[in-house]
Amino acid sequence: MVNAPASTFGTGSTTTHVPPLLDGRIADLLAGKKIVMTGVTGFIGEQILWKVLTQCPDTVTAVLVRRKGSVTAEQRVAGLLKKKIFADVVRAAGGVEELMRTRVAVIEGDLPQVPDLPRDLDVLLHCAGDVSFDPPIDQAFMTNVVGTKALLAKLREACSDEDGNLVRVPHYLHVSTAYTAGRRRGAIPEAGHIHNIDYEAETRAALAMKEHIEARSRSAEQLTALREEAEALHRQAGYLTTSEDTERRRLEWVKRELVAAGTERARSLGWTDVYTFAKALAERVVADLCGDFRASIVRPAIVESSLKDPYPGWIEGFKMADPIILAYGRGQLPEFPASPDAVIDIIPCDFVVNAIVAVCATQPEVGKPEYYHCSSGARNPLTFRGIYEHVRNYFSQHPYATGLGSTAPATWNFPGAEPVETFLKVADKGVKLGNLALSFAWRGKRTRQLATSLDKARKQLDFLGKYLSLYGEYLQSELHFVDDCTLALHNSLHEDDRERFGFDSASFEWTHYMEEVHIPAITDPVRRLESARKRRKSRSSTFRDLKQAEPGTVLAAFDLDGTVMATNVVETYLWARLPELSPLKRVGEVAGLALRLPVYLAAERRDRGVFLRSIYRRYAGANLAALEECVDEKLAPLILDRMSPEAIRRIREHRNAGHTTILMTGVIRPLTRPFEGLFDTIVAAELATDEDGVCTGFLSGPPMVGESRSAWLNHYSQLHGIDLAASYAYADSHVDLPMLGAVGNPVAVSPDIGLMRAAKSRGWSIVEWPEMSPLPRLIMS
Amino acid sequence: MPRPGFVLEVDDKTPHLLTMSGAQLRLERFGIGTQVVYTADAEESSDPVGLIEAAVGAPTGGAPLAEQLSPGMKLTLVIIDQDAPLPRPHFDPRRALTERVLEIAARRGVDDVELVVANGLKQRWSTQQVSRALGDRVATSFLPDSLISSHDVTSDDLVSIGEVQGFPVLLNRRVAQSDVVVVIGVRADASEHDPLAVGLTDLATLDRLLGFDPAPGFAEGVSDLIRGAVEPFALFAVLGQPLLAWSLRFLATREWEWKLTDRLALAGSRQIIAALPRQGAQLVNGNPRADYAVIDVVGGGYASSLSDSLGVWQAANSVEVNGSADVLVTSVWGPAVDAVDSIGSPLDVAHHALVRRAGSHLAKPLAREGGALIAFHPLRNRFSNRRQSAAADFFAKVLTETTDAGEIAARFQARAMDDEWYLDLYRKNFADHPLRVYQLWYETARAAEQFSEIIWVGGDRRCAALLGHRSATTYADALEIASGTVGMHPSITMLRGPGLVLGDVR
């Protein structure tokens with residue numbers, strides 16, 4: 001049993017400040033009142049609405065909801081009320097529309113552009129706000145500081161006459177967070193935090209920061225750096241793909257910088273992050289602008305799933321600790337750098353909701369904001385080690401089952417932050433090195449498997465890194481939130497309300513809450529989701545059975561090398577060129593090619609077009625007609641035997657389905673002669689010849705690689721009235737990304753690492769088409 | 001004459017016996033009482049000149065070939081292209097026969113000479129194949145002027161020679177319009193197909209001849225029609241058993257007669273195959289060539305030569321076997337199935353085991369009706385894209401739907417025969433005609449009906465299931481599986497060695 005910090009002060013439960021107490025049943029106190037709420041579509045707001053609607057039958061509400069895309073506020077609220085927890089109250093009211101008409105008025109609007117509020121409101125309950133811990137700095141100030149100010153201005157307007165004189169005194173209830181205490185240590189009283197920060201100046205600076213960083217992101221140095229990063233990955237695919245990626249990277253960079261700016265500013269002033277910093281400033285706004293209102297500020301700590309209401313384990317979305325719990329269950333967290341004795345101040349959602357509704361029913365003194373902590377740390381503390389033990393217990397009893405078996409829960413030794421950070425650094429380097437090594441590896445199934453496992457490791461590291469930087473502070477915090485006022489309010493609950501509205505944080509057992517309520521509540525839906533996803537995955541998404549199409553409306557484009565045929569340009573060059581040379585010259589040719597191979601490979605890494613051109617230069621002096629004859633007589637069997645049978649079958653299925661089959665390749669045209677029976681159109685490189693039909697070593701046009709393929713497909717489909725969205729494309733390398741991206745059903749065939757990653761992130765099917773020639777390469781005749 | 005084949009009854013002193021499975025060789029213990037059928041001994045070939053001279057100079061029932069030729073005649077040599085001989089011969093006897101006939105023709109002043117390969121539904125011959133079978137001399141003198149051609153069953157240029165049962169029969173134009181036709185072939189099995197009927201006619205006739213349900217009397221009708229139309233002179237070389245190069249010579253030798261070199265060769269080849277990756281093993285050990293002794297050359301009228309050669313082959317290769325067994329065991333050795341691939345595609349392998357090997361018998365079958373067949377082969381799902389595209393699709397698409405020959409004939413055959421890609425491969429890339437794989441399957445399915453169980457030892461489970469058969473990991477397991485139908489103590493006959501034996505079951 002952990003000793004509660006509150007006990008060390010030796011004062012028992014007496015409080016120095018007595019908050020306004022309740023002198024009747026809450027339902028009676030709130031009867032006939034109108035509560036205007038923000039944030040009802042959020043986690044806490046939704047339950048508050050539910051609580052008020054079900055427990056305070058004579059109270060009406062109005063909700064401020066913003067429109068989301070084409071969905072109006074009305075529709076959003078109607079959707080919310082159709083949720084299962086509202087079923088009873090909706091039935092009692094006689095339908096969603098009826099309920100909305102009588103008790104839930106909808107005000108469409110957003111912070112900080114707040115619309116007019118109803119003039120008959122009694123309580124304004126503001127619990128909207130960012131839930132993210134790391135919003136960009138401008139966004140954090142916009143919603144929290146500017147938004148609160150605007151809301152209070154409108155509240156004043158709604159309670160004043162035309163001349164601006166206050167005609168009624170409303171009760172403004174502000175939901176903040178306990179962590180507005182920032183990086184302070186020890187006991188935090190239920191009072192305003194002491195600081196002298198000018199929130200107006202901070203807000204101006206934060207909003208200016210956005211402009212500044214946006215401008216910096218467009219500077220030549222920054223854009224060059226981003227372009228180089230994008231080129232390292234996508235150079236082969238072409239300029240457009242690269243530029244698309246560069247712009248994506250710029251937007252990401254801007255966001256990252258804004259987040260960093262926020263975090264650093266917050267830390268420079270003593271807060272852990274911009275979220276708590278902006279929230280703290282918002283509290284100050286409330287204190288400043290509510291001089292002639294009744295005002296209360298409720299500061300919940302870490303709000304997690306409900307203990308009892310609407311049902312045990314009720315939760316919407318993922319909250320702070322949940323990803324870590326899940327990652328632990330999946331075996332992805334071998335260790336976590338938190339202080340084992342840090343108190344993690346978790347409070348069930350229904351306790352927070354009950355407290356807020358109770359505060360709504362109080363009448364605080366005008367001009368003196370009341371503060372309430374909704375937290376468990378003072379009297380029912382749960383340490384990090386305690387959480388770990390509960391989580392471990394739970395997963396020992398309900399192991400996380402994957403395809404191959406269950407994951408054994410890890411044992412943590414709490415080594416502190418440093419070893420874990422060192423591990424992260426080393427592992428990060430390792431993954432980078434591994435990726436570099438793989439980029440030189442021979443393409444194949446094994447390489448792909450290695451790349452996949454590297455990607456997985458990278459994902460885990462990113463996850464760990466992200467949560468360490470996000471929550472590291474919280475997991476080492478030594479704050480304890482005094483909740484005497486909250487307790488006093490709880491103690492003043494009417495006998496009848498104790499059961500329904502109780503919020504004494506010392507009244508429950510952590511073992512029950514963690515192991516029987518909370519952890520199952522967050523893991524069960526994820527397990528269900530994952531098994532559903534597994535089922536979905538087994539059905540391929542873009543590689544599907546072909547349907548008969550109207551001839552000439554659908555096309556199927558195939559890449560040649562590596563997709564349909566297991567060869568490369570160098571090999572086919574040797575096939576085509578060697579037979580016409582004398583034995584001595586053959587040796588010379590092979591040796592010359594081998595000598596130049598590093599140059600060619602370097603060119604290939606840089607730009608496939610350059611590579612193809614340099615190989616094709618070697619055709620100089622070859623007779624085109626002789627080359628074609630040689631292909632027909634000698635090479636056709638070789639080429640056909642190197643084809644993948646699955647590829648041939650698929651091409652033929654496409655033809656049978658009435659699709660136009662197109663071969664798109666950088667290979668020279670004579671080598672495609674054996675495929676003429678399979679494809680309707682063959683797009684290949686044309687060797688330029690002189691008047692005697694001798695190849696000059698140049699091409700008559702640029703080779704068809706990268707983005708020129710997608711352009712070709714687009715133009716072709718326009719000319720022939722083909723529906724690209726219903727069309728298919730098959731290719732094997734990263735260069736072909738634009739070609740695959742141009743159609744509706746792209747399939748990566750035995751892809752290289754770059755394409756594999758792209759295909760995975762876009763949900764394209766990946767298939768293996770091995771060539772199955774019964775003959776070894778060397779003895780083919 | 002070589003030592004004739006015989007039956008060994010396994011007793012407790014019998015050593016482990018050689019089995020072959022694709023490219024793998026291994027020694028296996030067989031149960032006491034198993035009848036092991038050994039082929040006649042393989043011998044080195046001797047110069048067949050004397051035999052050829054005799055056949056050409058004193059043919060049965062007719063004038064010598066030289067007397068049938070005179071200047072100004074149109075002479076066509078028809079080269080029969082049946083399944084035999086496999087493994088590929090070092091020296092193809094057809095070459096000696098062809099050269100001799102060409103020599104006589106030249107001496108008699110015949111200028112208009114062409115060679116036609118009676119390949120039927122099999123692939124047309126590439127230049128390499130022509131040189132390999134007929135020798136460089138023939139190839140270099142005739143190929144450049146396109147005087148050697150393969151028969152194209154889909155050609156428009158075929159000549160009608162009459163009707164059988166109301167259906168027109170078309171024949172190769174050059175053959176039909178020649179003054180003298182000399183048929184040159186080898187005899188290395190007991191096949192009773194008429195090689196001209198299956199080699200030189202049109203697609204529709206071939207479909208009726210070897211289709212799912214051939215009309216009775218149709219084959220005889222076609223044969224009579226052709227013989228009436230062209231009256232060929234025939235030369236058949238009857239071959240003995242394959243004698244492999246020294247490294248594989250032990251294949252045809254009886255185990256108890258193995259010398260140290262034979263044992264070393266077996267151990268060596270096993271190690272090489274095991275140590276190398278698949279393609280490397282094929283380089284070293286794949287596609288061995290064999291030497292075939294020419295036992296006799298039969299010359300004369302086509303019909304009589306055909307039956308005479310069959311008689312000679314039967315006399316040389318039949319082995320008296322005591323009763324139809326409950327279980328027939330056979331190895332399937334890749335090089336005896338496919339001239340290019342040392343393992344063989346599952347369809348060819350099944351045909352080889354069921355039709356060629358199990359079907360090689362006189363009146364009484366080697367295994368009783370309702371018995372079991374146990375064959376050794378890995379049944380690897382591999383087909384050549386170029387030569388076996390139709391077979392690969394048949395295996396992947398048709399057999400997954402049904403193995404019933406009648407249903408396949410009704411539902412799938414027509415579409416495959418008209419498939420442009422298959423025909424393109426047949427015409428340009430030396431692939432078999434798509435109809436061939438269907439006809440092979442009909443034969444295989446017909447032969448399979450005789451057995452209640454067909455079990456592949458070491459066979460790929462999926463492939464075996466596709467064929468409608470079963471697979472077992474070991475020979476003992478296969479017997480265990482078979483025990484359900486043939487009991488715990490079945491009588492077993494095993495066909496040993498790479499060569500083909502003719503079972504004279506008493």
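Trainee: Which residue in strand 10 of chain B does B:Val78 stand opposite?

Mentor: B:Val78 faces B:Val183 there. Keep in mind that this is a predicted model.

Trainee: Which way do the two strands run, and how many bridges join them?

Mentor: Strand 5 (residues 74–80) and strand 10 (residues 180–187) of chain B run parallel, and five bridges hold the pair together.

Trainee: In what order do the strands of the sheet come?

Mentor: Read across the sheet rather than along the chain. In chain B the order is 7-6-5-10-11-12, six strands in an open sheet with mixed pairing. At the edges sit strand 7 (148–150) and strand 12 (290–301) of chain B, each paired on one side only. Ignoring direction, neighbouring strands here are turned by 20 degrees against each other on average.

Trainee: Which strands does helix 1 of chain B touch?

Mentor: Helix 1 (residues 49–57) of chain B packs on the sheet against strand 11 (233–244) and strand 12, and its direction makes about 15 degrees with that of strand 12. Helix 3 (residues 93–107) of chain B packs on the sheet too, touching strands 5, 6, 10, 11 and 12. The direction of helix 3 makes about 160 degrees with that of strand 10 of chain B.

Trainee: Okay, over to chain A. How many helices and strands are there in chain A?

Mentor: Chain A has 27 helices and 21 strands. Its C-alpha trace spans about 110 × 55 × 50 Å along the principal axes.

Trainee: And what percentage of the residues in chain A is buried?

Mentor: Of the 781 residues in chain A, 43% are buried.

Notes:
Residues numbered from 1 in each chain as written. Chains lettered and ligands numbered in written order. Predicted model: local features only at pLDDT ≥ 70, side-chain atom pairs only at ≥ 80, totals over all residues. Pairing = 2+ DSSP bridges. Helix = DSSP H or I, 4+ residues; strand = E, 2+ residues; numbered from the N terminus. Axes fitted to C-alpha atoms, helices over the stretch in contact; angles between N-to-C directions. Contact = placed C-beta atoms within 7 Å. Buried ≥ 20, exposed ≤ 12 C-beta atoms within 10 Å, placed from the backbone.
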